Amino acid sequence: MDTIYLDNNATTMVDPQVVDAMTPYFSQYYGNPSSMHDFGGKVSLKLKEAREQVKEFFGASLASEIIFTASGSESANMAIRGVLEANKKQKHIITTKIEHPCVLNVYKTLEKEGYRVTYLSVDSDGSLDFQELEDSVCDDTVLVSIMYANNETGIIFPVEKLAEIVKRKNPKTKFFVDAVQAAGKIKLDVKNTKIDLMGISGHKIHAPKGVGALYIKKGTIVMPLVIGGHQERGKRAGTENVPYIIGLGKACELANAALNDEETRVKRLRDKLESGIIKSIPNARLNAAVDERVPNTTNIGFQYIEGELILLHMSDAGICASSGSACTSGSLEPSHVLRAMGVPFTALHGSIRFSLSRFTTEKEIDYVLEKLPQIIRKLNNLSPFQKELKALGAI
Amino acid sequence: MWDYSDKVMEHYRNPKNVGSIENADAIGEAGSLACGDMLKLFLKVDKDGIIQDAKFQTFGCGSAVASSSVLTEMIIGLHIDEAKKITNKQIADELGGLPPEKMHCSVMGHEALEAAIADYYGEEVNVCSEEKIICTCAFKTENELLKEIKEKGLKSVEDVVAETGAGGGCGRCHGAISNLLKQVDKPKIEMAAMSKTQQIIKINNVIERFIADELRKDGGDIELVDVEDSKVYVKLRGACASCKNAMVTLKYFVENTLRDHISPDIEVVEV
């Protein structure tokens with residue numbers, strides 16, 4: 001059976017056009033972009049082209065504002081650590097309770113190092129309280145870091161507006177946006193915003209794993225994490241990962257061209273999947289029923305049954321999805337994001353995230369809508385909560 | 001993906017003995033919805049004490065279902081006193097082993113079985129209480145660790161790792177271990193040594209910090225009504241509706257938490 005891949009917030013298929021763009025730069029044009037000879041110089045030009053493509057993707061003003069990294073996590077670490085290193089006197093940071101673990105864990109470490117961290121809460125719609133943000137910013141606040149879209153629910157934060165609130169209160173505070181889950185799903189446009197830093201990851205936008213980028217607004221001082229050569233204008237030493245950077249450039253170009261498809265066709269398929277599940281499965285509950293969501297993501301709680309069991313049975317039917325963040329699936333704790341939103345315990349442990357991509361087809365969605373109700377019905381019969389499920393009309 | 005054995009996969013794909021037994025001779029429960037794992041076990045026992053039939057209903061992951069399913073297969077045909085000897089390790093072994101993080105699933109199976117056997121003999125048992133596992137690598141429960149910490153006078157996380165083996169694996173439980181250490185270390189005072197205002201402030205503090213959230217996430221709630229000498233009067237609302245001894249468990253949970261944090265002579269009275 002073919003695999004039906006609805007786990008694109010975990011990782012994506014590398015677009016064959018991206019592979020084609022990368023391939024010559026392994027064994028054919030393998031020169032070092034820093035070399036004096038023409039063989040390396042040609043690679044350097046290609047690198048420049050990739051930086052242009054990524055700049056366009058961010059909607060940045062200058063190609064020099066783009067730094068290539070190895071991952072979304074590295075982009076976030078570089079932004080956070082780099083800003084703190086450059087502003088050592090200030091010791092207060094603000095973030096949200098529902099950031100990706102790669103950001104939250106940095107803050108937990110920083111707390112041990114003596115930083116004061118404010119974790120903003122979200123309401124049941126996953127929204128932030130603007131007033132709470134404004135009240136939290138003080139003279140000592142060095143950095144505010146807020147994700148653009150949440151990986152588990154797809155909920156979009158109005159980061160441009162949030163950046164303005166922060167800057168109005170303290171113009172010196174830097175604003176970092178983790179845009180890993182927004183990239184390729186909604187248009188990024190950092191120009192003319194107050195956002196200072198923004199990070200993306202290649203493998204979430206049909207580039208390979210192992211490459212990412214960080215936008216650093218001109219004039220923002222960020223101390224390097226990796227010190228050595230002059231690469232990336234001294235901000236990140238190490239010979240450039242040429243083929244992957246070229247792949248990221250190509251993926252950015254393709255993603256921007258496909259934005260319209262995301263907003264129309266992919267969104268329609270997501271909505272079809274979502275409403276189909278809610279209609280045919282009585283114990284299904286939409287966990288983030290808000291409009292401001294990326295078009296490819298839905299998070300649905302199946303009450304009184306457990307998520308891993310659902311995933312295992314879906315996997316047997318060839319359907320890939322995930323429960324919570326893939327990074328936390330090794331732990332047994334329910335999702336910190338859904339918990340912060342106050343999702344009831346009846347649905348918390350049975351919450352599944354479906355995330356589509358531009359490669360998802362209508363036929364695949366139809367197949368899921370045919371198979372999933374059968375799986376859930378089978379699992380409902382296993383549940384000790386027969387009375388509760390009967391009350392919902394699920395058995 | 002977990003590294004599940006073929007037998008685990010076979011059992012979660014096609015679990016045996018799913019369902020309930022009408023007029024069961026014994027029913028045992030373990031876990032809760034809030035914990036993410038819950039098992040209900042039904043037994044039919046003949047006059048000679050032989051388990052004629054066993055059925056289960058499980059809310060839980062693949063290995064929880066597999067543990068429940070294989071447990072029913074293991075006990076059908078056994079005398080109830082023979083079944084009593086089955087350990088959680090035997091359940092895990094029967095499945096060809098479980099990943100360390102999933103060992104608690106076999107514990108849950110074992111607990112439900114214990115509860116069912118107690119029910120058969122008409123003994124009282126805290127059916128909703130779940131032994132909290134602190135270290136999943138070395139497989140140490142909260143009570144075991146508390147006991148060892150007290151008996152051996154352990155003072156630091158390093159001591160606990162060296163002396164008990166807990167926390168020596170993935171290290172994820174170091175935070176929980178240091179909380180246990182704090183709990184043991186706390187100086188205990190008698191209720192009589194405090195003014196009534198002090199008592200109320202302290203009790204409310206512990207309720208807010210350690211008790212209320214636990215109850216609320218399960219749909220329950222707690223309210224302090226009065227304090228008189230060492231008696232603490234509270235209103236309790238539980239949500240474990242399907243669980244007949246839930247209120248008893250709840251009361252013990254509140255009492256133990258207050259005793260651990262304030263004074264060992266506290267007695268909780270429900271009003």
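This passage describes the fold of chain B, its contacts with chain A and the nonpolar cores, as seen in a predicted model.

The secondary structure of chain B comprises ten helices and eight strands, and 39% of its 271 residues count as buried. Among the contacts in chain B with a separation of 6 or more, 60% join residues that lie 24 or more positions apart. One of the helices, α9 of chain B, which spans residues 196–216, bends by about 50° at B:Glu208; the buried residues of this helix are B:Gln199, B:Ile203, B:Ile207 and B:Leu215.

In soluble globular proteins, nonpolar side chains tend to be buried together. The largest nonpolar core of the model holds 85 residues, of which A:Ile310, B:Leu41, B:Leu43 and B:Ala116 touch the most other members. Helix α5 of chain B (residues 103–120) gives the most to this core, contributing ten residues. When neighbours within four places in sequence are left aside, B:Ala116 is in contact with B:Ala26, B:Ile27, B:Gly28, B:Leu41 and B:Leu43. A second core, separate from this one, has 83 residues, including A:Phe57, A:Val106, A:Tyr148 and A:Leu254.

Between the two chains, 19 residues of chain B are in contact with 17 residues of chain A. On the side of chain B that touches chain A, at least two residues each are supplied by α1 (6–13), β2 (37–45), β3 (51–59) and α2 (62–75) of chain B, and β3(B) gives the most, with three residues. When sorted by class, this side of chain B has nine nonpolar, five polar and five charged residues.

Definitions and conventions: Residues are numbered from 1 along each chain as its sequence is written. Chains are lettered from A and ligands numbered from 1 in the order in which they are written. This is a predicted model: local features need pLDDT of at least 70, side-chain atom pairs count only at pLDDT 80 or more; totals for chains, interfaces and linings use all residues. A nonpolar core is a set of buried Ala, Val, Leu, Ile, Met, Phe, Trp, Tyr and Cys residues joined through C-beta atoms within 7 Å. A residue is buried if 20 or more other C-beta atoms lie within 10 Å of its own, exposed if 12 or fewer, and partly exposed in between; C-beta atoms are placed from the backbone. Helices (H or I, at least four residues) and strands (E, at least two) are DSSP runs, numbered from the N terminus. Two residues are in contact if their C-beta atoms, placed from the backbone, lie within 7 Å. The bend at a residue is the angle between axes fitted to the seven residues ending there and the seven starting there. Ala, Val, Leu, Ile, Met, Phe, Trp, Tyr, Cys and Pro count as nonpolar, Asp, Glu, Lys and Arg as charged, and the others, Gly among them, as polar.
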